[in-house]
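Reader: I am a first-year student, and I would like a close look at the aromatic rings of this protein. Please start with one ring, follow the others from there, and finish with the ligand and anything unusual in the backbone.

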Amino acid sequence: AVDLPFRIDNIQNSGTMTNFEEVVQRSRAAFNSGKTRNVNFRRHQLEQLLKLYEEQEPLMMAALEADLRKHTQESKILETEFLKNDIRNILYNLDSWVKPDKPEKTFVNMLDDVLIYKDPYGVALVLGAWNYPLQLTLLPVASAIAAGNCVIIKPSEVAPNSAKFISEFLPKYLDNECYPVVCGGVAETTELLKQQFDYIFFTGSTHIGKIIHAAANKHLTPVTLELGGKSPCYIDNTADIPKTAKRVMWGKLINNGQTCIAPDYILCSKEVQNKFVEEAKKTIAEWYGQNPQESPDLCRIINNNHFQRLVGLLKSGTIATGGRYDASERYIEPTILIDVKPDDPVMKEEIFGPILPIINVESAFDAIKFINAREKPLVLYICSTDQHTQDCFIHGTMSGSVCVNDTIMQYADTRKLLVENTSSGGVCVNETLFHAGVESLPFGGVGMSGMGSYHGKYGFDTFSHKKSCLAKNFNSLGEFLSSGRYPPYSDRKTSV
Ligand code: NAD
């Protein structure tokens with residue numbers, strides 16, 4: 001680890017508001033000059049971004065350590081390596097992604113060119129989040145660069161050291177006119193949003209997502225909103241409980257629960273709950289020792305507001321394990337809550353911390369009803385190996401069929417049953433978080449968990465307007481074949 005040349009608690013602008021109008025105008029002029037349309041220019045900028053990640057990795061880790069007390073291994077897996085692999089994937093595919101698509105043609109257009117161009121939108125705004133403050137800011141930036149946009153980058157002020165790293169180091173590697181970084185908090189973001197952008201990409205809460213959407217609406221600016229919510233995890237008695245406990249606790253405890261796709265709560269029977277809690281206790285002790293506060297591997301809660309909010313949530317239900325906390329370090333022990341009721345405070349908001357409530361349901365059918373009575377989650381986790389029978393989750397009564405939304409349906413397995421009868425941004429079976437690392441899968445929410453998606457080619461597509469183009473020539477055969485459209489009209493001309 002290296003020392004940060006800075007260590008700050010706050011990155012609000014000290015009383016002097018940046019002139020955002022000027023920043024946007026400069027970027028727009030750069031976009032209008034056409035330089036980002038050049039694919040070699042984009043490639044060079046992406047190579048520079050990769051160079052930044054390679055050369056400054058120790059500083060990136062130091063910034064993450066300062067903000068979240070993130071262990072370097074965790075930073076490597078979920079921030080720096082993630083970012084590097086993303087750029088490598090873009091660089092490898094860029095030439096094929098930028099080529100216009102040639103969709104199928106019908107007989108009518110046999111002699112024409114039918115094309116879909118990938119047009120950059122123009123000046124994009126990327127508003128980053130604090131929980132993975134480098135990855136969640138710079139991943140969409142790379143997609144926007146690849147697609148040929150200029151980008152105004154606003155890291156989250158809630159992770160001030162990571163924001164300072166971005167604002168100090170990005171300009172040393174990237175074109176300053178095309179990709180300026182602006183800093184600040186709520187007042188600055190409010191001011192920034194008064195400007196007209198051609199695309200806005202926001203990662204953060206559903207509440208602020210609505211504010212962003214309303215601001216974008218003024219200029220009819222298209223948006224991607226990567227939001228949050230409560231992602232459920234259904235576990236049935238066919239799951240391998242020791243492995244399930246490890247995978248679920250890993251998804252919950254990495255970054256100390258401050259992960260948008262962390263399993264927020266568990267839905268399972270009492271029988272599964274008892275086994276799960278025993279295995280989870282063993283797992284926590286194995287990973288963090290008897291006193292997790294002493295472990296170097298557990299992050300801290302980002303700030304006092306979030307810490308106090310989480311301490312309040314510990315009062316829901318009964319503590320099955322954990323429950324200790326220390327305000328001086330913003331430490332909260334990995335905690336599992338049982339006897340939780342659906343209207344307890346811990347079930348009313350996204351937890352975003354190391355607290356895992358369990359709600360008892362007797363079947364996958366009950367789980368579906370519970371999930372569908374709430375906002376659409378970012379992910380649905382299913383832990384089950386049941387491929388053939390659902391007798392176990394419908395009380396052994398309606399073998400081979402289940403009643404969902406008043407319709408009797410046939411289902412061959414639990415996974416299909418849950419996937420087809422719920423709506424979520426994504427689904428991940430017998431694993432947590434890893435679906436977000438599959439480059440060939442779009443990542444994003446639905447309903448209150450967000451709109452739009454990115455990662456890999458989906459990121460490039462997000463920042464590209466699909467411009468359709470029909471191109472004809474002037475040859476005589478084409479003119480003859482399409483001449484039936486000209487007046488004077490007659491049935492003879494249009495009959496085939
Ligand atoms: P937040 O929505 O509270 O804040 C995001 C940013 O919005 C802040 O940095 C601030 O500058 C700005 N902001 C705050 N109030 C504003 C206002 N009134 N007007 C204009 N701008 C304002 O989000 P957060 O606390 O940074 O992040 C936590 C949330 O983000 C969680 O809900 C989490 O699930 C979600 N999240 C989603 C993803 C995803 O990929 N879907 C990833 C990470 C986090």
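**The aromatic rings and beyond**

Author: Let's start with W287, which counts as partly exposed because its relative accessibility is 26%, a value between the limits of 20% and 50%. Please keep in mind that this is a predicted model.

Now for the partners. A pair of aromatic rings is described by the distance of the centres and the angle of the planes. By the rule used here, the count comes to 12 aromatic pairs. In one of them, W287 meets Y288 edge-to-face, with 6.1 Å from centre to centre and 90 degrees between the planes. Y288 itself is buried, because its relative accessible area is 11%, and buried means under 20%.

A further pair joins F307 and Y325: the ring centres are 6.1 Å apart and the planes stand at 70 degrees, so this pair is edge-to-face. Where do F307 and Y325 sit along the chain? F307 belongs to helix α11 (residues 304–313) and Y325 to strand β9 (residues 325–326), so the pair links distant parts of the chain, 18 residues apart. F307 is buried at 1% relative accessibility, whereas Y325, at 46%, is partly exposed.

Rings can also gather in a group. Y121, Y199, F201, F443, Y454 and F463 form one aromatic cluster. A charge can take part as well: the charged end of K172 sits over the ring of F169, 5.0 Å from its centre. You can find such an arrangement at F365 too, where the charged end of K369 sits over the ring, 5.0 Å from its centre.

Next, turn to the ligand. There are 24 residues around the ligand, and W130, E157, S205, L227 and E350 come nearest. Look at the aromatic name in that list: a side-chain N or O atom of W130 is 2.8 Å from an oxygen atom of the ligand. For E157, a side-chain N or O atom is also 2.8 Å from a ligand oxygen. In E350, a polar side-chain atom lies 2.5 Å from an oxygen atom of the ligand. How much of the ligand does the protein bury? Taken alone, the ligand exposes 850 Å², and the protein buries 88% of that. Two or more residues of the surrounding shell come from each of α7 (186–192), β4 (199–203) and α8 (206–218). Of these, α7 gives the most, with three residues. By type, the shell holds 11 nonpolar, nine polar and four charged residues.

Let's finish in the loops. S231 lies in the loop between β5 (223–226) and β6 (232–235), and it counts as buried because its relative accessibility is 0%. A polar atom of the S231 side chain is 3.3 Å from the backbone nitrogen of V379.

For the backbone, it helps to know that most residues other than glycine have a negative phi, and most peptide bonds are trans. D339, however, has a positive phi of about 55 degrees; this residue is in the loop between β11 (335–338) and β12 (355–360) and is partly exposed at 40%. H455 has a phi near 90 degrees and is found in the loop between β17 (450–451) and α14 (456–462). With a relative accessible area of 7%, H455 is buried. Lastly, the peptide bond from P487 to P488 is cis, with omega near -5 degrees, and P488 lies in the loop between α15 (476–481) and α16 (491–494).

Terms used. Residues are numbered from 1 along each chain as its sequence is written. This is a predicted model: local features need pLDDT of at least 70, side-chain atom pairs count only at pLDDT 80 or more; totals for chains, interfaces and linings use all residues. Side-chain values use heavy atoms; hydrogens and water are left out. A residue is near a molecule or strand if one of its heavy atoms lies within 4 Å of it. A polar contact is a pair of N or O atoms within 3.5 Å; within protein, one must be able to donate a hydrogen and the other to accept it, and residues adjacent in sequence count only if both atoms are side-chain atoms. Accessible areas come from the Shrake-Rupley method with a 1.4 Å probe; for residues, only the protein chains shown count as cover. Helices (H or I, at least four residues) and strands (E, at least two) are DSSP runs, numbered from the N terminus. Ala, Val, Leu, Ile, Met, Phe, Trp, Tyr, Cys and Pro count as nonpolar, Asp, Glu, Lys and Arg as charged, and the others, Gly among them, as polar. Rings of Phe, Tyr and Trp (its six-membered ring) pair if their centres lie within 6.5 Å; planes under 30 degrees apart count as stacked, over 60 as edge-to-face and the rest as tilted. Buried means under 20% relative accessible area, exposed over 50%, partly exposed in between (1.4 Å probe, protein chains only). A charge sits over a ring if NZ of Lys or CZ of Arg is within 6 Å of the ring centre and within 35 degrees of the ring normal.
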